[in-house]
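Work through the exercises below with the sequence and the model open. Each task is followed by a solution in steps.

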Amino acid sequence: FNFLGITPTTETVATFNAKSPFTTLSWTNHPSQNLGLLASGHKDGSISLYSPAEKSTISSLSYHKTDITCLKFNPTQTNVLLSVSSDNEISVWDVTHPENGKRCSAGAINRAVQGTITSVDWHKKSTLSSFFALCDSTGLCVVWDLRQNRSTHNFADSTFKSELSDIAFAPINSTLLATASSNPRNSVVSIWDLKNPTTPLRKLH
């Protein structure tokens with residue numbers, strides 16, 4: 001949609017269709033695309049790359065066998081895309097050339113989680129662009145470094161371990177991380193300091 005027109009009504013700029021239902025989206029700046037590169041995950045495990053400026057489908061990425069649950073472009077290395085499917089398979093894609101995206105292994109991170117992965121987020125700092133975090137249905141958080149191919153942090157709230165629905169790195173402070181729980185008995189956003197993630201720094205109810 002284009003929200004910059006003179007009239008307050010929205011204008012559809014482009015419409016994309018797919019053979020399999022959409023499950024998730026991620027949009028990033030890309031040097032080859034005036035309006036950026038748009039990625040969508042699908043029920044059949046495929047990932048589509050679109051050019052909003054050209055109103056066209058660029059390519060399809062295939063590897064996952066089950067529905068895509070999370071897609072996230074790296075905010076500082078915008079040619080890198082992270083994908084997660086419902087069977088906890090994690091992939092990192094190099095889409096420098098969107099018409100020929102290549103899958104890179106994310107290592108054995110799926111062995112580090114205990115439940116179903118519910119959310120992922122890249123670190124916002126360019127010097128830490130190889131780090132991403134994930135959370136799962138058991139309340140576990142894992143921070144993973146792609147360069148070292150290992151986890152740097154594994155932690156959970158020991159006072160009330162419940163399913164986490166989302167996770168996000170702070171935009172400025174490089175050691176802060178937020179998690180959200182949708183548990184009706186303990187719906188809370190917890191702020192964690194990775195320098196000492198044994199207990200939340202604060203909780204927001």
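**Exercise 1. Find how β10 pairs with strand β11, and describe the link between them.**

Step 1. Strand β10 covers residues 131-136, and β11 covers residues 141-145. Strands here are DSSP runs of E of at least two residues, and helices are runs of H or I of at least four residues, numbered from the N terminus.

Step 2. The two strands pair in the antiparallel sense over five bridges; a pair of strands requires at least two DSSP bridges between them.

Step 3. β10 and β11 make a hairpin with four residues between them, and G139 in the turn has a positive phi of about 95°.

Step 4. Within this pairing, F132 stands opposite W144 in β11.

The model is predicted: local features need pLDDT of at least 70, side-chain atom pairs count only at pLDDT 80 or more, and totals for chains, interfaces and linings use all residues. Residues are numbered from 1 along each chain as its sequence is written, and side-chain values use heavy atoms, with hydrogens and water left out.

**Exercise 2. Identify the other pairing of β10 with β9, and state which residues of β10 are buried.**

Step 1. Strand β9 (residues 117-122) is joined to β10 by five bridges, and the two run antiparallel. W122 stands opposite F132 in β10.

Step 2. Six of the six residues of β10 are buried, where buried means under 20% relative accessible area, exposed over 50%, and partly exposed in between (1.4 Å probe, protein chains only).

Step 3. In a regular strand the side chains alternate between the two faces of the sheet. In β10, F131, A133 and C135 point one way, while F132, L134 and D136 point the other way; all are buried.

**Exercise 3. Work out the strand order of the open sheet that contains β13, and locate its edges.**

Step 1. Four strands are arranged as β13-β14-β15-β16, with antiparallel pairing.

Step 2. β13 (164-169) and β16 (202-204) are the edge strands, each pairing on one side only.

Step 3. From one strand to the next the twist averages 20°. For such angles, axes are lines fitted to C-alpha atoms (for helices, over the stretch in contact), and values run from 0 to 180 degrees between N-to-C directions.

Step 4. Six bridges join β14 to β15, and L177 has W192 in β15 as its bridge partner.

**Exercise 4. Describe the lining of the largest cavity.**

Step 1. A cavity is a set of points, on a 1 Å grid over the protein atoms alone, where a 1.4 Å probe fits but cannot get out; lining residues have an atom within 4 Å of a point.

Step 2. The largest cavity holds about 100 Å³ of space. Among its 14 lining residues, D157, F160, S162, L164 and S190 are the closest to its centre.

Step 3. β14 (176-181) and β15 (188-193) each give at least two residues to the lining, and β15 has the largest share, three residues.

**Exercise 5. Are K55 and N88, both with positive phi, buried or exposed?**

Step 1. Most residues other than glycine have a negative phi, and most peptide bonds are trans.

Step 2. K55 has a phi near 55° and sits in the loop between β3 (47-51) and β4 (56-61). K55 is exposed, at 54% relative accessible area.

Step 3. N88 has a phi of about 70° and lies in the loop between β6 (80-85) and β7 (90-94). N88 counts as buried, with a relative accessibility of 11%.

Methods
On a 1 Å grid over the protein atoms alone, a cavity is a set of points where a 1.4 Å probe fits but cannot get out, and a pocket is an open set with protein on both sides within 12 Å along at least five of seven lines; lining residues have an atom within 4 Å of a point. Grid points are joined across faces, edges and corners, and a volume is the space filled by probe spheres set on the points.
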